[in-house]
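Trainee: I should like to learn how to read a structure that is new to me. May we take its features one at a time?

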Amino acid sequence: MATQKEVSVVGSLADLPDHANGARHLVWWGNLGFMLIEGTGFALAIAAYLYVLSHSSAWPPAGDALPDLGWSGVFTLGLLLSEIPNLWLLRQARAKKEQAVRIGILLMTVIGVGLTVIRLLEFGHLNVRWSADGYGSMVWLLMVLHTTHVFTELGETAVQALWLFTHEVGDNQFSDVEDTANYWTFVVLFWLPIYGLVYWMPRLS
Amino acid sequence: MTFALQSNEPKTSERHARLAQTWADAPGIWGFLTTVDHKRIAARYILTTVVLLFAAGMLALHMRLQLSFPELKVLGPQGYNEAFSLHGSTMLFLVSVPVMEAMGIWLVPLMLGQRALAFPRLAAFSFWLYVGGVMTLWVSHALDITPDLGWFEYPPLSGSAYSPGHRADIWAQMITFTEVAALAASVNMVATILKMRPPGMTLARMPLFLWAMLVASLMTIFAMPAVMLVTSMLISDRLVSTVFFAPTQGGDILLFQHLFWFFGHPEVYMIFIPAVGFITAIVETFSRRTIVGHTAMVLSVVAIGVLAFGLWVHHMFAVGLPKLGNSFFTAASLAIALPAGIQVFCWIATIWSGRPQFYTPFLWVIGFIITFVMGGLSGVMTASAPLDLQLTDTYFVVAHFHYVLVGGAIFPLLGAFCYWYPKATGRMMSERWGWASFLLIVGGFNLGFFPMHILGLMGMPRRVYTYDPSLGWSTLNMVATLGSAIAVLGGLIFVANAFLSLWRGAPAGPDPWGGSTLEWAASSPPPQHNFDYTPVVNSIAPLWSEDPLRMLDGVGVSRREVLVSSLAEAHPEYRQKSAQPSIWPLLAAIAVSIMFIGSIFTPWAVVWGSLPIAGALTAWFWPQRPRSKTGPLRVRV
Ligand code: HEM
Ligand SMILES: [Cu+2]
């Protein structure tokens, strides 16, 4: 058949909306895809940590001090509490409230800066160098991996705040805020196993 | 399904012209750099892989020349190490995986009756980053810093103690490049296939090629992070003295192998599964019927995707794992033969019960089935742990993986190339030269690689640059070299045929083979916007079951729009604005490349390098909307 297939126009899609929220929105799926990638990375790093642990006679090896619980505790608490404004922001974005979304994203930026500072202090209290031994390397791997996500998320939130304050917010931007909020929840959730492994596993074994 | 009838939209020819204008690229070089057209991006991807296939093929010939007689000096030991490392790494990371993705980037929107991918700029970014990976490896080769440890670089050999210099870093960073590129392409593919199907194309009516791309992309998403993680750990061991893989300091050497093969095994199936999609499409068209056992085919593709993740340890039988472990992985490796067997059965049953037509794309199906079955048999042999202990690192393994990779992926790819060439170019390739290249490639390949099984059983190890005449391996090696040369000659004829047919081929028309899927409803080559209207689908083979093909209007004519539909049922949900061309994907890829390359030399590159990346990404995603009239940062006039 070298000729073009016959077609007949039987209707129209013109009445469809030109925007959708949540899981109907295309970008939501892109966001999910990247969360799957990062989540797999986290899971594999955790598996690697457990693998090295299971092949070591002592955890931490003799001579390594345990990591401090101070700043890490503050960070963990702060991270968990940040979910309150974050979920509020998510709701405002779904309700398409321009002013509330601007305030929420600004708040999340400030919180992000605060958490980043605490995280940097936390690094001073791991009490082991990455080059000391396998234990030290694995601890730093998990910490650096998570910190990268805190950083990127902070950068994204800050840029979004700048944009939202200077522009008229449209449907797509409300969806973007939704995606950012979801991603923050992902960063918070993945901290919990890492916190357990880095700070509590050495105390249990 | 009912749709509002509304036809106050412009009529056909005017509509076509306006769509063409809306979707047009800028002219000239600026258009070249900024395009987000999935067809242009895919064409570049594919052309680059063809060039690299040729380059890596030349390396292979060089190696075969060296091995054709005992004690030759065409290549020395170091040269030989570099040649097989570059050949293997290029073939796997820069040819096989990217080319399958490129086929998806080109074909998926067309098969969905869509105008674009879900994330057009992400596709452009993926390509430019892939180019970064290609340059990393091949510019380094030109500068004589060729990686020389094979296509997987185990520590401690790849650690800084045994591999000073930057050869191992180049290899590791080339992988990071191509993996980020592959991940970007895969997310795009998954979102497009799940959320952009035309009305009526429920999951149950999705052509097998789309299933194959979906499963392969999901596998990529779950497997590639492993290799990125492991190569980053390797670089970090080499650069900042972490000790992930240093057993004397509490690290673990096998951790590298576990993480590497967690990716490396599934990778073979990420290459093979799209090939299953090609083969099925070709078998259906040239048997003039839909595939026997469509559901069984879908389930077997999904089963292979899942099982592949249980198999990585079989690459490590020889390292001495617990006994039970070995038995489990032997069983799992054999289990994958079942879904693969089902597929072969379905293809043969389809051909048997159809009316086969022996055009070149179909020839490749036959070449594939025969070669792949042989590769599978030798694979079943090495899947058994005791036998593998004898055969590991011999030419038996070289023969096996070439049968699987060349027979299982490259042959289907060549078939796919012949099959969709008329759609992409509007011209037919020569059938006569198609036959010639088919016979030379398949014949030469089997002549070249079958003797390697025997060489392996005779004890010839892989990765040796020469051998002693008294070992009695000379004749078979000579035959292997001759066969390889014949295959490469066939490859050159194939490429010449494709090239010359651009001018000399007969005009193809929209549907030269009488295909069943939506891409054949577009003209050849398709215009930039692919389709004037949105097709409606009522079966797995819409072009065979519908006459005329039903279409809907209403998706944007004067702004770039695509249709988004529901996950399972493909009910139309909304019209999504589609991205304009942009220079930022290219600039973002350049920024990322600088960071990746810099981090070979100093860890600070990760810190400073991320600033330009952040800048490029910000510009990329910066929405174009009016300035705010309220709030502290409102526009003031
Ligand atoms: C006519 C085509 C080809 C020829 C003549 C050829 C030849 C060779 C030779 C001589 C070796 C080195 C064997 C050794 O000394 O251990 C080799 C290795 C390899 N080839 Fe090919 N090859 C061809 C095509 C391909 C293709 C299409 C792929 C993949 C899609 C591929 C993947 C590999 C890999 C992964 C290795 C292993 C490299 C290593 O040991 O690290 N080859 N090939
Ligand atoms: Cu395998």
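Trainee: What share of the contacts in chain A with a separation of 6 or more is accounted for by residues 24 or more positions apart?

Mentor: Please keep in mind from the start that this is a predicted model. In chain A, residues 24 or more positions apart account for 82% of the contacts with a separation of 6 or more.

Trainee: How many helices and strands does chain A have, and which pattern do they follow?

Mentor: One counts the elements, then reads them in order along the sequence. Chain A has six helices and one strand, and their pattern along the sequence is β-α-α-α-α-α-α.

Trainee: Is chain A spread out or compact?

Mentor: One sets the radius of gyration against the value that the globule rule gives. For chain A the radius is 22 Å, whereas the rule gives 17 Å for 205 residues; the chain is therefore more spread out than a compact globule. Along the principal axes, its C-alpha atoms fill a box of roughly 75 × 55 × 25 Å.

Trainee: What percentage of the residues in chain A is buried, and how much area does the chain expose?

Mentor: Of the 205 residues in chain A, 53% are buried. The chain exposes about 8,600 Å², and 70% of that area is supplied by carbon and sulfur atoms.

Trainee: Where does A:Ser72 lie, and is it buried or exposed?

Mentor: A:Ser72 belongs to helix α2 of chain A, which covers residues 70-81. Its relative accessibility is 1%, and because buried means under 20%, A:Ser72 counts as buried. A polar atom of its side chain lies 3.3 Å from the backbone oxygen of A:Leu69. Beyond its neighbours within four places in sequence, A:Ser72 is in contact with A:Glu122, A:Tyr195 and A:Tyr199.

Trainee: How does A:Val27 read by the same steps?

Mentor: A:Val27 is found in helix α1 of chain A, residues 26-54. With a relative accessible area of 28%, A:Val27 is partly exposed. Not counting residues up to four places away in sequence, A:Val27 touches A:Asp179 and B:Phe119. A:Val27 and A:Ser82 are 55 residues apart in sequence, and their C-alpha atoms are 24 Å apart in space.

Trainee: Which domains does chain B have, and how many residues of each are in contact with the other?

Mentor: The domain assignment gives domain 1 (38-581) and domain 2 (585-621) for chain B. Between these two domains of chain B, the centres taken over C-alpha atoms are separated by 29 Å. In chain B, 18 residues of domain 1 are in contact with 14 residues of domain 2.

Trainee: How many residues does the largest nonpolar core have?

Mentor: That core has 241 residues, and B:Phe260, B:Tyr269 and B:Trp420 are among those with the most contacts inside it. It draws at least three residues from each of domain 1 (38-581) and domain 2 (585-621) of chain B. Apart from it lies another core, of six residues, including A:Leu13 and B:Val536.

Trainee: What does B:Tyr269 contact?

Mentor: Leaving aside neighbours within four places in sequence, the contacts of B:Tyr269 include B:Met219, B:Ile304 and B:Leu311.

Trainee: Where is B:Phe152, and what does it touch?

Mentor: B:Phe152 sits in the loop between α5 (120-142) and α6 (167-195) of chain B. B:Phe152 is buried, its relative accessible area being 12%. Residues up to four places away in sequence aside, B:Phe152 touches B:Trp171, B:Phe260, B:Trp261 and B:Arg463. B:Phe152 and B:Ser85 are 67 residues apart in sequence, yet 8.5 Å apart in space, C-alpha to C-alpha.

Terms used. Residues numbered from 1 in each chain as written. Chains lettered and ligands numbered in written order. Predicted model: local features only at pLDDT ≥ 70, side-chain atom pairs only at ≥ 80, totals over all residues. Heavy atoms only, no water. Helix = DSSP H or I, 4+ residues; strand = E, 2+ residues; numbered from the N terminus. Buried < 20%, exposed > 50% of the residue type's maximum accessible area, 1.4 Å probe, protein only. Polar contact = N/O pair within 3.5 Å; in protein donor to acceptor, adjacent residues only side chain to side chain. Contact = heavy atoms within 4.5 Å. Core = buried A, V, L, I, M, F, W, Y, C linked by side-chain atoms within 4.5 Å. Domains from an automatic or database assignment. Rg over C-alpha atoms; globule rule 2.2 N^0.38 Å. Areas by Shrake-Rupley, 256 points an atom, 1.4 Å probe, with all protein chains shown as cover.
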